[in-house]
Amino acid sequence: MFRLNLPAYQIKLSGTKEHPTIFDVLRRRYVALTPEEWVRQHFIHFLIEHKNYPASLLANEVQLKMADKSMRADSVLYNQLLQPRMIIEYKAPTIQISQKVFDQIMSYNILLHVDYLVVSNGLQTYCCKIDDEHEKYLFLEDIPDYQNI
């Protein structure tokens, strides 16, 4: 797979050469190993192991519905009251982070109203803090540790 700008972790692979799978610690099962999934699993482990995010408050592939349109947020962080706090959108390392990616994650935020938006392709990562009062978002230099959210 791709070398990412994320820390290594104890990867669990399975499946076949034609259909490889990777263990998803949040869904507690093996899922198809795609370039985007490679990024997701590295990023989730980064949050849990290096930023102290509780695995119990993170969810992958969160189903969202707006009118007759069904969407799926890649990962969502919740607070202790199970209110969404952060949406994370992943792309394969070969996909550039563009305005279209930010538009996608902003559409999820219309439903979830979180404080933080994160997009990553494993090589580049952007984190924004939403300032609802002033109707803008501020780019942060780093992903905040869980205790600072």
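Q: Which residues of helix H2 are the buried ones in this predicted model?
A: The buried residues of H2 are Val101, Phe102, Ile105, Tyr108, Asn109 and Leu112.

Q: What puts these buried residues on the same side of H2?
A: They cover an arc of only 120 degrees around the axis, and that is why they lie on the same side of H2. On the other side of the helix, Lys100 and Ile110 are exposed.

Q: What do the buried residues of H2 pack against?
A: They pack against six strands, given here with their residues: E4 (58–66), E5 (69–78), E6 (84–90), E7 (116–120), E8 (125–131) and E9 (136–140).

Q: How do you know that the span of H2 is close to the one expected?
A: Set the two values side by side. H2 covers residues 99–112, 14 residues in total, and its first and last C-alpha atoms are 20 Å apart. At 1.5 Å a residue, 20 Å is also what is expected. Just after the helix comes His113, with a positive phi near 55 degrees.

Q: What makes E7 a mostly covered strand?
A: The count tells you: 5 of its 5 residues are buried. Both faces take part, with Tyr116, Val118 and Ser120 on one side, and Leu117 and Val119 on the other. That fits a general pattern, because side chains in a regular strand alternate between the two faces of the sheet.

Q: How do you know that E6 and E7 are joined, and in which sense do they run?
A: Pairing needs at least two bridges. E6 and E7 have 5 bridges and run parallel, so they count as paired. Within this pairing, Ile87 stands opposite Leu117 in E7.

Q: What makes E4 and E5 a pair, and in which sense do they run?
A: There are 8 bridges between E4 and E5, in the antiparallel sense. Since at least two bridges are needed, the two strands qualify as a pair. One of the bridges links Asn60 to its partner Ser75 in E5. E4 and E5 also form a hairpin with 2 residues between them, and Ala67 in the turn has a positive phi of about 55 degrees.

Q: Why is His45 called buried?
A: Its relative accessibility is 12%, and buried means under 20%, so His45 falls in that class. His45 is found in helix H1 (residues 35–50). Leaving aside neighbours within four places in sequence, His45 is in contact with Tyr9, Val25 and His50.

Q: How do you know that Leu47 is buried?
A: The relative accessible area of Leu47 is 0%; with the limit at under 20%, Leu47 is therefore buried. Leu47 also has its place in helix H1. Its contacts, not counting neighbours within four places in sequence, are Asn52, Tyr53, Leu58, Ile88 and Ile143. Leu47 and Asp103 are 56 residues apart in sequence, and their C-alpha atoms are 23 Å apart in space.

Q: Why is Tyr137 called partly exposed?
A: Its relative accessible area is 33%. Buried would require a value under 20% and exposed one over 50%, so Tyr137 is placed in between. Tyr137 is found in strand E9, where it touches Met106, Cys128, Lys129, Ile130 and Asp131, leaving out residues up to four places away in sequence. Tyr137 and Cys127 are 10 residues apart in sequence and 9.6 Å apart from C-alpha to C-alpha.

Q: Which residues form an aromatic cluster with Tyr137?
A: Phe102, Tyr126 and Phe139 join Tyr137 in one aromatic cluster. Rings pair if their centres lie within 6.5 Å, and by this rule the count comes to 8 aromatic pairs.

Q: How do you know that the charged end of Lys12 sits over the ring of Phe23?
A: The charged end of Lys12 is 5.3 Å from the centre of the Phe23 ring. The distance limit is 6 Å, so the value meets that part of the rule.

Q: What makes Arg28 worth a look for its phi?
A: Arg28 has a positive phi of about 55 degrees although it is not a glycine. Its place is in the loop between strand E2 (20–24) and strand E3 (29–32). With 69% relative accessibility, set against a limit of over 50%, Arg28 therefore counts as exposed.

Q: Why is Glu135 called exposed?
A: Its relative accessible area is 75%, and exposed means over 50%, so Glu135 belongs to that class. Glu135 sits in the loop between E8 and E9. Its phi is positive, about 50 degrees, although Glu135 is not a glycine.

Notes
Residues numbered from 1 in each chain as written. Predicted model: local features only at pLDDT ≥ 70, side-chain atom pairs only at ≥ 80, totals over all residues. Heavy atoms only, no water. Helix = DSSP H or I, 4+ residues; strand = E, 2+ residues; numbered from the N terminus. Expected span 1.5 Å × (residues − 1). Buried < 20%, exposed > 50% of the residue type's maximum accessible area, 1.4 Å probe, protein only. Arc of directions from axis to C-beta. Contact = heavy atoms within 4.5 Å. Phe/Tyr/Trp six-rings, centres within 6.5 Å; stacked < 30°, edge-to-face > 60°. Lys NZ or Arg CZ within 6 Å of the ring centre and 35° of its normal.
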